[in-house]
Amino acid sequence: MSTSDDLSSPSPSIEESTEDSPVAFDIAAKLTARLSSHALERNHQRHHIDTLSTQLSNLLKATPKRPKDSKAALTGRIAKLEKERTSKSLNLSSEKALLREIASAQKSLRQHAQCESHQEAIWRKRSEIESAKESLRSTESSISEMEKVLATVQLAKRLNCTTAELITREYITSVEKMNGILLDIQHLLLHAEEKGVHVTVDKIHGKFVIKGNADSVQSAMEMIENSANKIDVQVELTEDQTLYLQQPIVLTGLKDRLMSVGSGDCVKFDFLARVHRMVLTGGPSHVSEARDIVMEVVDVVAEVRGGLDSKQAGIVVGKHGATMHDLSSKYGVVMSLFKESSSNSSDTSCLKIIGPSSKVKAAFSEVNTLLLDNEQIKETFNVDKIMKGELIHNSGASIKEFEQAVSNAVNATVFLTMDRNAPSPTLVLKCPRCAMEKANNLVSKKIKEFESNIVSVEVSPEIIPAIIGKGGSKIESLQQLGGGAVVDADKTAGMVKIYSRDASSREAVQTAVQQIIDENQVGFVDNIEKKSLGFLFGDPGKETMAAVAELKCNVQVSEEESKLTVRGTKENIVKACEVLKEFMNKNYVLELDIHAEDETLLFSGGEKSLLHTVKSRYDVKALFRKDRGVLQIRGEVDKVEAAKKEVEEFLYGGEGITVIKFKVPEDAIGSIVGKGGDNLTKLESEFEGVRIHIPRDSNTVSLRGPEDNVKKCRIKLVTEIATYRVSDTMDLTPGQHSDISNDVDTIKRIAGSSGTSISLIEGSIKIRGVSRDVRDAKALLREHFSGSYSGYIDLNVPQYDRLKSTLSKDASHFERVKLSTGAGVVLDETESAIKITGKKANVKKAKLSLMGFLDFVFPKQIQTVKVHKTLFKSMCDPEKLAEVAVATSASVYLDRDLISVVVNSESADDATKAVELVNARLVESEKLNYVFRLATADAWLLPLIIGKAGKNVKKIEAATGCSIDVFKDELSVVVRGESKDAVQSGREAVEAIVDQARKECVFVELPESAIPAFVGKGGAHIKQLSAAHEVEIEKTKKHQSTIKITGKEEAVANAKDSVLSWLSEWEVSHTGLSIDVEEQFIPAIIGKSGETIRSIQKDTKCKIDIDRIHSTLTVREGTESARIEAMDRIKTIIEEEKAIASERAAEKEKLSQEQAELARVNAKAHETSAPSGPSDLKTEDTTVDDLSGIKDRSKEFSARPVGWAASKSKTNDPSMDAIEVCFIISSDEILHCNYS
């Protein structure tokens, strides 16, 4: 920054008058007059210029048109025409023509003269205008000079100085500081002339121009310099200092003191309360002085007192804050009251006082004195229940009257209340500390006086109801007897209390109470069956109750209904109890739950029915309560127990009697029963002692009788049902019927996959086959029409009932399966099965998860054996499966969703035995089945194996006696026969077709970069090879770098040799770098949609060929360095993929170890906590790998119904969290384990 001085006075030609001049001369007026004269002259000149300009404009508009020919040309033409006219003899017309041309040329010369004359006039006018403008400029220059002088004179006059005293100074600074300086000198700019200066601001050049007398200019310069050199000092404040400064009186005092610094406006301050800061702005020395003042003002302390309750806070604050305001004004401190944040109670407050140390101490001293004088304390008194009632009677009128009397006596405010939370009646006294002693004495005296009027009588708790009476009638009569006495009967304490101020009234009531006690002695009849009470107080017990009434005894039932209370005199009580015990012994009642399907068994047989037999044999009463589904047996205890045992043995087995229940298809019920029940009669005759029961509207068959015969009968029924073919129909809408009519392939596919026959009839579709096959076909048809598929897991009846009971207690596993698979899972009582609905893939996932759950609930009772799809026909013949079922007493069926044979039995041993038999059959089936599998690239062989319209398959079947099945979706051909030789013949026939096809059609893999050269321009080379060898050579559609050669065997072989020879020559001329590459890394090298490999080829100008068959990668073309660069980039990608694969393997290994450790701890906990349950939670793997080597993914889903829930840690280490794991062992056994 810089300053410059201009001390020159105005022009010497201008004279000024002073106060001392003898003649006053007003130079401003003189200059104004001269300026007006010059202004008039300027206006006249401007008008004259405008007139001349108009004349010039008119001249320009009137400029004549100049001829095209020049004057010299015209003159020469005239001379030439004159010479021609005078030198030649011309006829009259020619001469006239020449004269006309001469006249025309002369006219053009005259036009030239006129144009030149007009142009001269224009030049003269322009000269006049320029001369007038020069005069105008001279006049304007004079006016400008006079205006400057006049402005100087006027400025000096406004600034109250002479022009001689007027000086000019400049202050130059950076443009960046301009805004700050302007803000600081805003007052100067607004009142500059009052301060005797004139300030001009040049923001563009960062310049201030100050005019005035020397002193005023110097003062303004100092102000600007101070602003330019100002500094900001931040004074950091504490929260308490900020709160102290926020008080208006403190802040005003600080502002007044800061105004005394320097000239009064040298320091500015900005108080930023939110950030606890004060900013001082001004010159360094002034700011330093101001900072000392601020630090002196904020030299304060803060003291806090906490734990003030609402009442204490009110005392400190006072009415409308008067007390706190007076204390703040008295001591000059800041006082604030706020809620305690660290306290558990939100009702306590803190008092904070901020100010100078001495004043804060004085203020706190007065506050403490004030609180102590008004402190409330309390005392408690245990009072009698009757006194409590008297005090709170009539909305507490008595306690209020007592409270007022004590307050008047001690001359202070006293509060008396009953403590509702105290375990016994408690009176609470509250009052100021100074009045407590006197108030305590008054209350204690009142309590003693009340208690002296109470009489207590000990009573047996059983007699208390007699004293109270029905609806309290007896106790009311006692109170009336005592003339308003209060009687309280406490059954729990066995005490009756009588209160009255009159002694005779107390004695009268006490005598009446004692008489009630004597007349209401109590006896008990214990161990009463709740079910027997209804008979005692009903019709069967009328005589007994009449006998008790004759003894003048009253009978009541205890609250828990486990004993009878007999009231009367001692002698009569003993007799009544004997009568009651005799009745209860003869009327013991026992209830037995009866399943709805077993109800009819109780009544069937007429006089030989189960109920009739039990009644007559054991002399008991038996009644079936249909509304509750229970059988009620009443009589003597021993007889009732014996009758119950016989009923249970009949219904559920025992003592040589076996009961087996199982579900059968509804359509098979008729064949089991037979016409008029003939079949049932024959079966019962064939298997002696066996009774067969099929409830109405149910498909459950119950077999009862000797164990061996029951099992044999079941075997026969299972065999017949397994092979029994049923028919079922599905109603179709017109749209569905039309859709399926036009889709014969779907009908064939469903019929073939389910092993049923399907036919369309009007409005419906008919399905015939074995029951479970029909159910599968219906599920597939429903999926076709609605998109929703249904799958089932069949259970036997006991398993279903047990599972239903388990889920009623905890259905969380079903909910987890629903959430994890998106399938619906419900129990289907009609099918005695778990029904799963949804998309087919979701149903399969849900089944896999549920099979693990069922294995946990029913260990090893439900097992599966994996069967490859190609072995379905040979393995899953219903008759063959029935043989296994007969041999093991297990249920055996095919589950197409799980691609498995499912074995189900209540006996784990029977289920395991059945699995062994199924596995043995599977091994035999594999021997009589040969599966010919094709790679994806060999899919073209399938049509050749089948032949046109199945010609080749039919030919092989006719020649070998085998059956040939082709599975296009699995690229498999299955040869099945009755003997190994037949299967071998069929196998050789299929292999012969394949071998011949491979010889007549070969594929050759070429490097991708070699394809253009091999094909040739316009396919010339490939056509040449085809013609030369009489074969057809073409690129495959799926793999553009693979060529297919088809033709006769010898020709194909020769063509292949020629192609390989050509390839060898091409590779010699297109050398490259090659590496072996694993298949798993090829996708990463290629990249998404080929982005990565294209990027490498583009950057290096090389070609990259990947041979998936031989697992090699070759980099060709380009320079040697480019090939090396491309290969390095590929190797980098491979190394990165290897690193990722290693990390994944490590994570998988870690997870496996954690799971193994969890299983170990789980098994150990199970052995410790539930020794009677299954000893191993792992599911035995009974599945057999399918023949294709396809991975069995069933174990990838949860196989354990484990519920995880956060539990409070029981460890001593707080850093460890505990997890509680709940394992459902059975329907009524749960194992809990804690893992930290």
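V233 is partly exposed, with a relative accessible area of 21%. That value counts as partly exposed because buried means under 20% relative accessible area. The model is predicted. V233 has its place in strand 5, residues 231-236. Leaving aside neighbours within four places in sequence, V233 is in contact with M278, V279, L280, V287 and R291. A290 is 57 residues away from V233 in sequence. In space, the two C-alpha atoms are 9.9 Å apart.

**Positive phi in loops**

H276 is not a glycine, yet has a positive phi of about 55°. H276 is found in the loop between strand 6 (267-272) and strand 7 (277-282). Its relative accessible area is 26%, so H276 is partly exposed.

E1117 is another such residue: it is not a glycine and has a positive phi of about 60°. The loop that holds E1117 runs between strand 43 (1112-1116) and helix 44 (1120-1169). At 33% relative accessibility, E1117 counts as partly exposed.

E1117 also appears among the contacts of K1103. Leaving aside neighbours within four places in sequence, K1103 is in contact with S1009, Q1097, T1114, V1115, R1116 and E1117. K1103 lies in strand 42, residues 1103-1107. With 40% relative accessibility, K1103 counts as partly exposed. How far apart are the C-alpha atoms of K1103 and E449? They are separated by 117 Å, with the two positions 654 residues apart along the chain.

The accessibility values and places of these residues are set out below.

| Residue | Relative accessibility | Place |
|---|---|---|
| V233 | 21% | strand 5 (231-236) |
| H276 | 26% | loop between strand 6 (267-272) and strand 7 (277-282) |
| E1117 | 33% | loop between strand 43 (1112-1116) and helix 44 (1120-1169) |
| K1103 | 40% | strand 42 (1103-1107) |

**Helices with a buried face**

Helix 43 spans residues 1091-1100. Which of its residues are buried? They are I1093, I1096 and T1100. Seen down the axis of helix 43, these buried residues fall within an arc of 60°, so they line one face of the helix. E1091 and K1098 are exposed on the other side of helix 43. K1101 follows helix 43 and has a positive phi, near 60°.

Helix 28 covers residues 744-754. Its buried residues are T746, I747, I750, A751 and S754. Down the axis of helix 28, they fall within an arc of 125°, so they too line one face of the helix. The face turned away from this buried side carries the exposed residues D745, K748 and G752. What do the buried residues of helix 28 pack against? Their partners are helix 27 (734-741), strand 27 (757-761) and helix 29 (771-786). Just after helix 28 comes G755, with a positive phi of about 70°.

**Helix pairs**

Two packed helices are described by the angle between their axes and the distance between the axes.

Take helix 16 (residues 473-481) and helix 17 (residues 503-519). Their axes come within 8 Å and cross at roughly 150°. That angle makes helix 16 roughly antiparallel to helix 17, because angles over 145 degrees count as roughly antiparallel. The crossing of helix 16 past helix 17 is right-handed. On the helix 16 side, the contact uses K474, L478 and L481. On the helix 17 side, they meet A508, V509, A512, V513 and I516. By class, the residues of this contact divide into 7 nonpolar, no polar and 1 charged.

Helix 34 (residues 878-888) packs with helix 35 (residues 908-927) at an angle of about 145°. The axes of helix 34 and helix 35 are 9 Å apart. Here too, helix 34 passes helix 35 in a right-handed crossing. Helix 34 brings K880, V884, A887 and T888 to the contact. Helix 35 brings D910, K913, A914, L917, V918 and R921. Which classes of residue make up the contact of helix 34 with helix 35? There are 5 nonpolar, 1 polar and 4 charged residues.

Methods: Residues numbered from 1 in each chain as written. Predicted model: local features only at pLDDT ≥ 70, side-chain atom pairs only at ≥ 80, totals over all residues. Heavy atoms only, no water. Axes fitted to C-alpha atoms, helices over the stretch in contact; angles between N-to-C directions. Helix = DSSP H or I, 4+ residues; strand = E, 2+ residues; numbered from the N terminus. Parallel < 35°, antiparallel > 145°, perpendicular 65-115°, else oblique. Left-handed = near helix turned anticlockwise from the far one by under 90°. Contact = heavy atoms within 4.5 Å. Nonpolar A, V, L, I, M, F, W, Y, C, P; charged D, E, K, R; others polar. Buried < 20%, exposed > 50% of the residue type's maximum accessible area, 1.4 Å probe, protein only. Arc of directions from axis to C-beta.
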